[in-house]
Amino acid sequence: MPENKLYPPEGLRPPAAFTLQSLREALEAETVLESVVQRCDSRHDLHLSLGGIPARIPRAEVLSPWISGAERDIAILSRVGKPACFQVTDIRADEKGAPTALLSRRAVQERALDYFLEHLGPGSVVSAVVTHLESFGAFLDIGCGVVAMLPIEYISVSRISHPRDRFRPGQKILTAVRSVDRERRRFTMTHKELLGTWMENASWFSTGETVRGVVRSVKSYGTFIELAPNLSGLADAREDLRPGDGVSVYIKSIRPERMKIKLHVIERLPPAETPEPLRYQVTDGVLDRWVYSPAGYEKEPVETVFTAAGP
């Protein structure tokens, strides 16, 4: 199991049936619960319905200040229609005597972050949900709304021009901790190490096959074509190809000792209807060292060493 199983990302917690008795028990036990936010009022309080029982997360209890920074209002508004983790802080009667619940998402985030800072270190594999994408990387919910950064250069070995080439908001992925800044209470994540080594990816292909690929860069000396997120080959230069184009390619040779695959482009293809699912070779545990290059590679090993001090 991933190392954040006690505090999974929002949307990954099993659904629960809410009753007044179960909410009272959750209040006593400080249980982490989850439900979908229905609306945000003019005061920026969030409102939910827990088994028909009205519930409210006051604005000050929606998120921790160090998690969202200057975009607090946008982060609050964006919870409408999405799941939110919380703990019950009070159950009281409204003016008509009906029960209503007060909740705190912030308290759960602080509990999760404290746990992560104590228990997660470089190499820890966790589940995550992509929250939004920027040109420089992907922001991930690694547990109960705790956000971590995945820089674009750590997404895959095959270089991409934008994280949207690999992910979409709301997508569940696996990722690993690359470094921890305990003073600033921040995590930097990596992803490529979970997608397999050169040999693991090359084993899916054989010389003489024709397969689908994606153009990732076009140089004067050739065209780099991605066969899998952690595997690319080189074809002759072609002026009619652009990054992002789908192509069919004939595999001319596979040379592990030089970590090279020679390709020949057959033709351009229409865009894929759906993206290929990510194939993970590592799904849990803690990585100490990951070597991408094959045994017998002629140059220095291509590797990642996970240390307590970070990269």
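Student: How many bridges join β5 to β6, and do the strands run parallel or antiparallel?

Tutor: Six bridges join them, and β5 and β6 run antiparallel. Two strands count as paired if DSSP finds at least two bridges between them. The strand names come from DSSP too: helices (H or I, at least four residues) and strands (E, at least two) are DSSP runs, numbered from the N terminus. Before we go on, note that this is a predicted model, where local features need pLDDT of at least 70, side-chain atom pairs count only at pLDDT 80 or more, and totals for chains, interfaces and linings use all residues. Residues are numbered from 1 along each chain as its sequence is written, and side-chain values use heavy atoms, with hydrogens and water left out.

Student: Which residue in β6 is the bridge partner of Ala 93?

Tutor: Look for Pro 99. The β5 and β6 hairpin has five residues between the strands, and there Gly 97 takes a positive phi near 90 degrees.

Student: What is the order of strands in the open sheet of six?

Tutor: Reading across, you meet β1-β5-β6-β4-β3-β2, with mixed pairing. At the edges stand β1 (33-36) and β2 (39-40), each with a single partner strand, so one side of each lacks a neighbour in the sheet. Within the sheet, β4 and β6 run parallel and are joined by two bridges, and Ala 55 stands opposite Ala 101 in β6. By contrast, β2 pairs with β3 (residues 46-50) in the antiparallel sense over two bridges, where Arg 39 faces His 47 in β3.

Student: Which helix lies across β1, β3, β4, β5 and β6?

Tutor: That is α1 (residues 20-29), running at about 100 degrees to β5 (83-93). For such angles, axes are lines fitted to C-alpha atoms, for helices over the stretch in contact, and angles run from 0 to 180 degrees between N-to-C directions. Helix α4 (residues 105-119) also packs on the sheet: α4 touches β4, β5 and β6, and its direction makes about 130 degrees with that of β5. Touching, or contact, means heavy atoms within 4.5 Å.

Student: How should I read a nonpolar core, and which residues touch the most other members of the largest one?

Tutor: In soluble globular proteins, nonpolar side chains tend to be buried together. Here a core is a set of buried Ala, Val, Leu, Ile, Met, Phe, Trp, Tyr and Cys residues joined through side-chain atoms within 4.5 Å. Buried means under 20% relative accessible area, exposed over 50%, and partly exposed in between (1.4 Å probe, protein chains only). The largest core has 30 residues, and those touching the most other members are Phe 116, Leu 140, Ile 142, Leu 150, Phe 167, Phe 187 and Met 189. Its largest share, five residues, comes from α4. Leaving out residues up to four places away in sequence, Leu 150 touches several residues, including Leu 140, Phe 167 and Met 189. A second, separate core of 21 residues includes Leu 227, Leu 241, Val 247 and Trp 290.

Student: How many salt bridges does a search of the whole structure find?

Tutor: The search finds 16. Side chains of opposite charge can pair when their charged atoms come close. The cut-off is a side-chain nitrogen of Lys or Arg within 4 Å of a carboxyl oxygen of Asp or Glu. Take Arg 105 and Glu 10, whose closest N and O atoms are 2.8 Å apart. This pair links distant parts of the chain, with Arg 105 in helix α4 and Glu 10 in the segment before α1, 95 residues apart.

Student: Are Arg 105 and Glu 10 buried or exposed?

Tutor: Both are buried. Compare the salt bridge of Arg 92 and Asp 90 (2.7 Å, N to O): Arg 92 is partly exposed, with a relative accessible area of 43%, and Asp 90 is partly exposed at 25%. You can also find a network of salt bridges linking Asp 41, Arg 43, Asp 45 and Arg 56.

Student: What is the nearest side chain of opposite charge to Lys 192?

Tutor: It is Glu 193, 4.8 Å away, and Lys 192 is buried yet has no salt bridge. For charge, Lys and Arg count as positive and Asp and Glu as negative, while His and the chain ends are not counted. You will find Lys 192 in the loop between β11 (186-190) and α5 (198-202). Leaving aside neighbours within four places in sequence, Lys 192 has contacts that include Glu 153, Tyr 154, Asn 230 and Trp 290.
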